[in-house]
Amino acid sequence: MDFKSRQEQIDSMKWYDSIVAGEDKCGSYDFCVKCRKSESYPCARAWHRYNNGYIRLAVIRRHR
């Protein structure tokens with residue numbers, strides 16, 4: 001599944017949950033801890049990082 005379709009699914013879920021709760025539910029899901037709002041498809045990318053793990057790699061270079 002691509003990020004665009006996943007974002008559409010999450011947006012629908014957030015919209016429904018927000019209507020039921022009577023408040024904006026953005027930021028209230030477990031995967032929201034991985035959110036970077038400046039990205040394209042932020043919810044889908046946060047969901048992906050939360051569910052699949054996100055490993056940050058570093059390159060170590062020796063100083064001469």
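These notes go through side-chain contacts and surface features of a predicted model.

1. Helix α1, which covers residues 3-21, is a convenient place to begin, and two of its residues show contrasting environments. Ile-19 is found in this helix and is exposed, with a relative accessible area of 55%, whereas Gln-7, also in helix α1, is buried, with a relative accessible area of 8%.

2. The exposed Ile-19 does not stand alone on the surface, for Trp-15, Tyr-16, Ile-19 and Val-20 form a nonpolar patch there. Taken together, these four residues have about 520 Å² of accessible area.

3. Two residues of helix α1 can be read alongside Cys-43. The side chain of Gln-7 has a polar atom that lies 3.0 Å from the backbone nitrogen of Cys-43, and Gln-7 itself is buried at 8% relative accessible area. Ile-10 likewise lies in helix α1 and counts as buried, at 4% relative accessibility. Although Ile-10 and Cys-43 are 33 residues apart along the chain, their C-alpha atoms are separated by 6.9 Å.

4. Charged pairs deserve a point of their own. Side chains of opposite charge can pair when their charged atoms come close. In this model the count comes to four salt bridges, and one of them is formed by the side chains of Asp-11 and Lys-14, with an N to O distance of 3.8 Å. The two residues are three apart in helix α1, and about one helical turn therefore separates Asp-11 from Lys-14. Their surroundings may be set side by side: Asp-11 is partly exposed, with a relative accessible area of 35%, while Lys-14 is buried, with a relative accessible area of 15%.

5. Glu-39 takes part in a further set of salt bridges. The side chains of Glu-39 and Arg-36 meet in a salt bridge, at 3.6 Å from N to O; Glu-39 counts as partly exposed at 23% relative accessibility, and Arg-36 also counts as partly exposed, at 38%. Arg-49 forms a salt bridge with Glu-39 too, and here the closest N and O atoms are 3.2 Å apart. Because Arg-49 lies in helix α2 (residues 42-52) and Glu-39 in the loop between α1 and α2, this pair ties together parts that are ten residues apart in sequence. Arg-49 counts as buried, at 7% relative accessibility. Through salt bridges that share partners, Arg-36, Glu-39 and Arg-49 are joined into one network.

6. The aromatic side chains offer two further details, the first concerning a pair of rings. A pair of aromatic rings is described by the distance of the centres and the angle of the planes. The count for this model comes to one aromatic pair. The rings of Tyr-29 and Phe-31 have centres 5.6 Å apart and planes at 5 degrees, so the pair is stacked, planes under 30 degrees apart being counted in this way. Both Tyr-29 and Phe-31 are buried.

7. The second aromatic detail concerns a charge placed over a ring. The charged end of Arg-6 sits over the ring of Trp-47, and the distance from the centre of that ring is 3.7 Å.

Terms used. Residues are numbered from 1 along each chain as its sequence is written. This is a predicted model: local features need pLDDT of at least 70, side-chain atom pairs count only at pLDDT 80 or more; totals for chains, interfaces and linings use all residues. Side-chain values use heavy atoms; hydrogens and water are left out. Rings of Phe, Tyr and Trp (its six-membered ring) pair if their centres lie within 6.5 Å; planes under 30 degrees apart count as stacked, over 60 as edge-to-face and the rest as tilted. Buried means under 20% relative accessible area, exposed over 50%, partly exposed in between (1.4 Å probe, protein chains only). A charge sits over a ring if NZ of Lys or CZ of Arg is within 6 Å of the ring centre and within 35 degrees of the ring normal. Patches are made of residues with over 30% relative accessible area and no salt bridge: like charges are joined within 9 Å, nonpolar side chains (Val, Leu, Ile, Met, Phe, Trp, Tyr) within 5 Å. Accessible areas come from the Shrake-Rupley method with a 1.4 Å probe; for residues, only the protein chains shown count as cover. Helices (H or I, at least four residues) and strands (E, at least two) are DSSP runs, numbered from the N terminus. A polar contact is a pair of N or O atoms within 3.5 Å; within protein, one must be able to donate a hydrogen and the other to accept it, and residues adjacent in sequence count only if both atoms are side-chain atoms.
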